[in-house]
Amino acid sequence: MGELANRLIEELNCETAFTIPLFGGIPIPESVAVTWVIMGLLVVLSIWLTHDLKVVPAGKKQLFVETAVCKLQDMFRDMLGEKGKQFVPYMVTVILYLGAANLIGLLGFKPPTKDLNVTAALAIMSIVLVEAAGIRAKGVKGWVKGFAQPSAVVAPLNVMEIIIRPLSLCMRLFGNVLGAFVVMELIKIMIPVVVPVPFSLYFDVFDGLIQAYVFTFLTSLFIKEAVED
Amino acid sequence: MLTLNMGLVYTVINLLVLYILMKKFLFKPVNNILEQRRAAIEEEMNQAQTLKEEAMQLKESYEADTKGAKEASAGIIREARQKADQEASVILSQARKEADKIRTDTEERLKQEREKTMRGLQKDVADLAVEAAEQILSGGSRQREDEAFYDMFLRNAGEQKNAVQRGENA
């Protein structure tokens, strides 16, 4: 068992992938390197899917990309409401990134979402977006007043939410991906043949996509709450 | 393992860059093509609408034309019938008038004839009376001559009467 614990810790460690030899060396964590890979994949895929779109749809490729983009956009438009619809492209980008990040473990990469830095960065961006959207929609005064809604008594709780919300977003994503990873490692060590397949489908594919959805769904909900009253 | 480091900042930068790239390479082309399609469809729909309206206008004008033609033909027939009726009634009244005239003329002529006959008869009767009177005055065997005279008178008068009756029957 001691060996298993060591292996898990080793797997969980965020290694430095490489170091850019500039300014005395900039260490690049593995999660960032994998993120670059994901970005490259998404961009190449986008260019390939959209390079010959036609007004009259020709081929399954265009049908696929149109359906996918439309469905995602409609989903977030519904979640964000009319006032928050300028955030739709960002939310779609995040769900695509998270989906890819949670699934890239299947290709043998270490999922970036297993690195707390990545989920924290996502959560911080989410809360900045939420508060910025609130300030933009209501003005600074309205935004400050919003903390005393519905009653002044809950104002401390509302202020705490600025911290709690991103923290819960960050930890939920990190914890789920980490948990799924640990469970999968355990299963693979115990029974390495056949059995891991259905579990992998659940933990790596299903759970990964669900977490991507949950993260963006909650962020959208917060934004909607911030811009509407 | 649970430490925050520069990776956080890199990730933020990565996400912002990815956002811009996705906007440029995914959302813009797809939404562009959707917008173009929407515009094309709208244009087609508008065209179809105008065509439809034009067709409806043409149909209406044709219908109006047909209706006008029908009305005109009905009017012509009505007019012709009216004219025919008028002519018929004119002819009829003329014929009636002529018939009346013929009848009155005939009646008049018959009346005149009758009167003429009557006058002739009266004159004959008077002549006979005068003749008889002359014979009486001129004398002769009284008894027999008287009888012969009566007979002659009665015969003559009977003939006259028959003649009058015939004249009336005619």
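**Aromatic pairs**

I began with the aromatic rings of this predicted model, and my count of aromatic pairs over all chains came to five. The one I looked at in detail joins A:Tyr90 and B:Tyr19, whose ring centres are 5.7 Å apart and whose planes stand at 75 degrees; the angle is over 60 degrees, so I entered the pair as edge-to-face. I then looked up where the two tyrosines sit, and found A:Tyr90 in helix α4 of chain A (residues 88–103) and B:Tyr19 in helix α1 of chain B (residues 6–137), so this pair joins two chains. Both A:Tyr90 and B:Tyr19 are buried.

I next turned to A:Tyr202 and A:Phe203, which also pair edge-to-face, with 5.1 Å from centre to centre and 85 degrees between the planes. A:Tyr202 has a relative accessibility of 42%, and I therefore noted this residue as partly exposed. Adding A:Phe206 to A:Tyr202 and A:Phe203 gives one aromatic cluster.

**Charges over rings**

Which ring has the charged end of A:Lys114 over it? I found that this is the ring of A:Phe181, with the charged end 3.8 Å from the ring centre. A second case is A:Arg165, which lies over the face of A:Phe222 at 4.1 Å from the centre of the ring; I came back to this arginine when I reached the salt bridges.

**Where chain B meets chain A**

I went on to the contact between the two chains, to which chain B contributes 30 residues and chain A contributes 41 residues. The two chains bury about 3,200 Å² between them, and 77% of that area is on carbon and sulfur atoms.

For a single position in this contact I chose B:Thr11, which belongs to helix α1 of chain B. Is B:Thr11 buried or exposed? Its relative accessibility is 0%, so I recorded B:Thr11 as buried. Leaving aside residues up to four places away in sequence, I found that B:Thr11 touches A:Val32, A:Val118 and A:Ala121.

How many salt bridges are there between chain B and chain A? The count is one, and I identified B:Arg37 and A:Glu66 as a salt-bridged pair, with 2.6 Å between their closest N and O atoms. I also looked for polar contacts across the interface of chain B and chain A, and found four residue pairs, both members at pLDDT 80 or more.

**Chain A as a whole**

I counted seven helices and two strands in chain A, and read their order from the N terminus as α-β-β-α-α-α-α-α-α. The C-alpha atoms of chain A fill a box of roughly 55 × 55 × 45 Å along the principal axes. Of the 229 residues in chain A, 42% are buried. Among the contacts in chain A with a separation of 6 or more, 64% are between residues 24 or more positions apart.

**Salt bridges**

My search of the whole structure gave 11 salt bridges over all chains, and I followed some of them individually.

In chain A, A:Asp74 bridges to A:Arg77, the closest N and O atoms being 3.5 Å apart. Both A:Asp74 and A:Arg77 lie in helix α3 (residues 60–80) of chain A, three residues apart, or about one turn of the helix. With a relative accessible area of 39%, A:Asp74 is partly exposed, and A:Arg77, at 36%, is partly exposed as well.

I then returned to A:Arg165, which forms a salt bridge with A:Glu225 at 2.8 Å between the closest N and O atoms. This pair links distant parts of the chain, with A:Glu225 in helix α7 (residues 196–227) and A:Arg165 in helix α6 (residues 155–190) of chain A, 60 residues apart. I noted A:Glu225 as partly exposed, at 48% relative accessibility, whereas A:Arg165 is buried, with a relative accessible area of 11%. A:Glu161 belongs with A:Arg165 and A:Glu225 in a network of salt bridges.

My last entry concerns chain B, where B:Arg38 and B:Glu35 form a salt bridge with their closest N and O atoms 2.7 Å apart. B:Arg38 and B:Glu35 both sit in helix α1 of chain B, three residues apart, about one turn of the helix. Relative accessibility is 43% for B:Arg38, which counts as partly exposed, and 41% for B:Glu35, which also counts as partly exposed.

Methods
Residues numbered from 1 in each chain as written. Chains lettered and ligands numbered in written order. Predicted model: local features only at pLDDT ≥ 70, side-chain atom pairs only at ≥ 80, totals over all residues. Heavy atoms only, no water. Phe/Tyr/Trp six-rings, centres within 6.5 Å; stacked < 30°, edge-to-face > 60°. Helix = DSSP H or I, 4+ residues; strand = E, 2+ residues; numbered from the N terminus. Buried < 20%, exposed > 50% of the residue type's maximum accessible area, 1.4 Å probe, protein only. Lys NZ or Arg CZ within 6 Å of the ring centre and 35° of its normal. Contact = heavy atoms within 4.5 Å. Buried area = accessible area lost by both parts, 1.4 Å probe. Salt bridge = Lys/Arg side-chain N within 4 Å of Asp/Glu carboxyl O. Polar contact = N/O pair within 3.5 Å; in protein donor to acceptor, adjacent residues only side chain to side chain.
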